[in-house]
Amino acid sequence: MYEFKECLSKSKKAKETAVLNLRTRWGMNFKQFEQITGLNILELKKTELDKLKFEKFISFKKKNGLIYGLKLTKKGFLFYNYVASCLI
């Protein structure tokens with residue numbers, strides 16, 4: 001029996017983490033994303049996130065007025081492949 005372990009670059013791990021988290025109804029928590037990848041997605045993909053928000057594919061999750069994550073809107077779930085391609 002063989003054991004297989006996938007080794008991803010930091011960039012690929014970040015992209016995979018982002019698109020997999022978005023597929024859930026809970027979306028992505030920025031702090032958790034940064035702990036897993038070591039990257040800040042708001043800095044890494046600011047232009048893309050602003051565009052997706054403007055097009056109403058994503059919404060930002062807020063607590064006490066502070067943005068802590070994002071999730072897909074109903075429209076975003078319908079066009080998930082487009083959203084994912086913007087973040088990859």
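Trainee: In what order do the elements of the protein run from the N terminus on?

Mentor: They run α-β-α-α-α-β-β-α-α. The model is a predicted one, and the protein has six helices and three strands. Its C-alpha trace spans about 50 × 30 × 20 Å along the principal axes.

Trainee: How do you know that E1 and E3 pair?

Mentor: Pairing requires at least two bridges between the strands. Strand E1 (residues 28–29) and strand E3 (residues 66–72) are joined by two bridges, so the requirement is met and the two strands count as paired. Their sense is antiparallel, and Asn-29 has Gly-69 in E3 as its bridge partner.

Trainee: What makes E2 and E3 a pair as well?

Mentor: Six bridges join E2 to E3; the cut-off is at least two, and the pair therefore qualifies. The two strands run antiparallel. Ser-59 stands opposite Lys-71 in E3, and Lys-63 stands opposite Leu-66 in E3.

Trainee: What lies between E2 and E3 in the hairpin?

Mentor: Two residues lie between these strands. Asn-64, in the turn, has a positive phi of about 55°.

Trainee: In which order do the three strands form the open sheet?

Mentor: The order is E1-E3-E2, with antiparallel pairing. E1 and E2 are the edge strands, as each pairs on one side only.

Trainee: Why is Lys-62 called exposed?

Mentor: The term exposed applies to a relative accessible area over 50%. Lys-62 has a relative accessibility of 56%, and it therefore counts as exposed. This residue is placed in strand E2 (residues 58–63).

Trainee: Which residues form the positive surface patch, and what makes Lys-62 eligible for it?

Mentor: The patch is formed by Lys-53, Lys-56, Lys-62 and Lys-75. Lys counts as positive, and patch residues must have over 30% relative accessible area. The 56% of Lys-62 therefore satisfies the accessibility requirement. Patch residues must also have no salt bridge, and like charges are joined within 9 Å. Lys-62 is one of the patch residues.

Trainee: What percentage of the 88 residues of the protein count as buried?

Mentor: Of the 88 residues, 33% count as buried; the term means under 20% relative accessible area.

Technical notes:
Residues numbered from 1 in each chain as written. Predicted model: local features only at pLDDT ≥ 70, side-chain atom pairs only at ≥ 80, totals over all residues. Heavy atoms only, no water. Patch = residues over 30% accessible without salt bridge, like charges linked within 9 Å, V, L, I, M, F, W, Y side chains within 5 Å. Areas by Shrake-Rupley, 256 points an atom, 1.4 Å probe, with all protein chains shown as cover. Salt bridge = Lys/Arg side-chain N within 4 Å of Asp/Glu carboxyl O. Charge placed at Lys NZ, Arg CZ, Asp CG, Glu CD. Helix = DSSP H or I, 4+ residues; strand = E, 2+ residues; numbered from the N terminus. Buried < 20%, exposed > 50% of the residue type's maximum accessible area, 1.4 Å probe, protein only.
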